[in-house]
Amino acid sequence: MAQEFLPEIADGEWKMTCIEGSVALAIRATPRDGEFRINGRFGPTIDVLEPPQAARDAAERIMAFVGSPLCGRVDGVMRGDRFICTEVELCDPDLHLRLAPHVADQLASATLKRARAGIAPAPS
């Protein structure tokens, strides 16, 4: 896969963990000085922050478009007041839950709710 270089990455990439279609956790990963890569190997700064409303709205629309999976992550950058999606992660193991344990609890509850809804009641 090839991806256009987005200079906005210098301001940080938003990584929004969504549960049941809603943004539950947002982090901004900012590359260190002189770097553009935000992979953990390259030492980005990671901050748990409230995302811009345009980013939140876009992430939730994207999750609705893909069918509101139990969880997923939408990554991207801001270009002015517009969110530019760079990735949609539906099977990424890193939802950044270690940064917000209450979100892990929220995911566990949503998982149990879906599991219980899929179990048919015993015939009477």
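**Entry 1: Glu35 and Arg37**

I looked up the pairing of Glu35 with Arg37 in this predicted model. Their side chains form a salt bridge, with an N to O distance of 2.7 Å. I then checked how far each partner is open to the surroundings. Glu35 has a relative accessibility of 16% and therefore counts as buried, the limit being under 20%. Arg37 is partly exposed, at a relative accessible area of 36%.

**Entry 2: Other salt bridges**

How many salt bridges does a search of the whole structure find? I noted 10. In general terms, side chains of opposite charge can pair when their charged atoms come close.

I examined Arg114 and Glu20, whose side chains meet at 2.9 Å, N to O. Arg114 belongs to helix H2 (residues 101-117), whereas Glu20 sits in the loop between strand E1 (13-19) and strand E2 (22-30), so this salt bridge ties together parts that lie 94 residues apart in sequence. For Arg114 I recorded a relative accessible area of 38%, which is partly exposed. Glu20 also counts as partly exposed, with 35% relative accessibility.

I turned next to Arg56 and Glu50, which form a salt bridge of 2.7 Å, N to O. Is each partner buried or exposed? Arg56 is buried, with a relative accessible area of 17%, while Glu50 counts as exposed at 56% relative accessibility. I also noted one network, in which salt bridges with shared partners join Glu13, Lys15, Arg73, Asp75 and Glu89.

**Entry 3: The aromatic pair**

I found one aromatic pair in the structure. It consists of Phe5 and Phe36: the ring centres are 5.7 Å apart and the planes stand at 85 degrees, so I entered the pair as edge-to-face, the limit being over 60 degrees. Phe5 is in the segment before E1 and Phe36 in the loop between E2 and strand E3 (45-48), so the pair links parts that are 31 residues apart in sequence. Phe36 counts as partly exposed, with 45% relative accessibility.

**Entry 4: The largest pocket**

I looked up the largest pocket and noted a volume of about 610 Å³. Which residues lie nearest its centre? They are Glu13, Lys15, Ile38, Asn39 and Glu87, out of a lining of 25 residues. I sorted the lining of this pocket by residue class and recorded 11 nonpolar, five polar and nine charged residues. E1, E2, strand E4 (71-79) and E5 each contribute at least two residues to that lining. Two of the residues nearest the pocket centre, Glu13 and Lys15, are also named in the salt-bridge network above.

**Entry 5: Thr86**

I located Thr86 in strand E5 (residues 82-89). Its relative accessibility is 15%, and Thr86 therefore counts as buried. Setting aside neighbours within four places in sequence, I listed its contacts as Gln3, Leu6, Glu13, Asp75 and Gly76. Glu13 and Asp75, both among these contacts, appear in the network of salt bridges as well.

**Entry 6: Glu60**

Where is Glu60 placed? I found Glu60 in helix H1 (residues 53-65). Glu60 is partly exposed, with a relative accessible area of 25%. Not counting residues up to four places away in sequence, Glu60 touches Gly21, Ser22 and Val23. I also took the distance from Glu60 to Pro93: the two are 33 residues apart along the chain, and their C-alpha atoms are separated by 20 Å.

Definitions and conventions
Residues numbered from 1 in each chain as written. Predicted model: local features only at pLDDT ≥ 70, side-chain atom pairs only at ≥ 80, totals over all residues. Heavy atoms only, no water. Helix = DSSP H or I, 4+ residues; strand = E, 2+ residues; numbered from the N terminus. Buried < 20%, exposed > 50% of the residue type's maximum accessible area, 1.4 Å probe, protein only. Contact = heavy atoms within 4.5 Å. Salt bridge = Lys/Arg side-chain N within 4 Å of Asp/Glu carboxyl O. 1 Å grid on protein atoms, 1.4 Å probe; cavity = no way out; pocket = protein on both sides within 12 Å on 5 of 7 lines; lining within 4 Å. Points joined across faces, edges and corners; volume = space filled by probe spheres on them. Nonpolar A, V, L, I, M, F, W, Y, C, P; charged D, E, K, R; others polar. Phe/Tyr/Trp six-rings, centres within 6.5 Å; stacked < 30°, edge-to-face > 60°.
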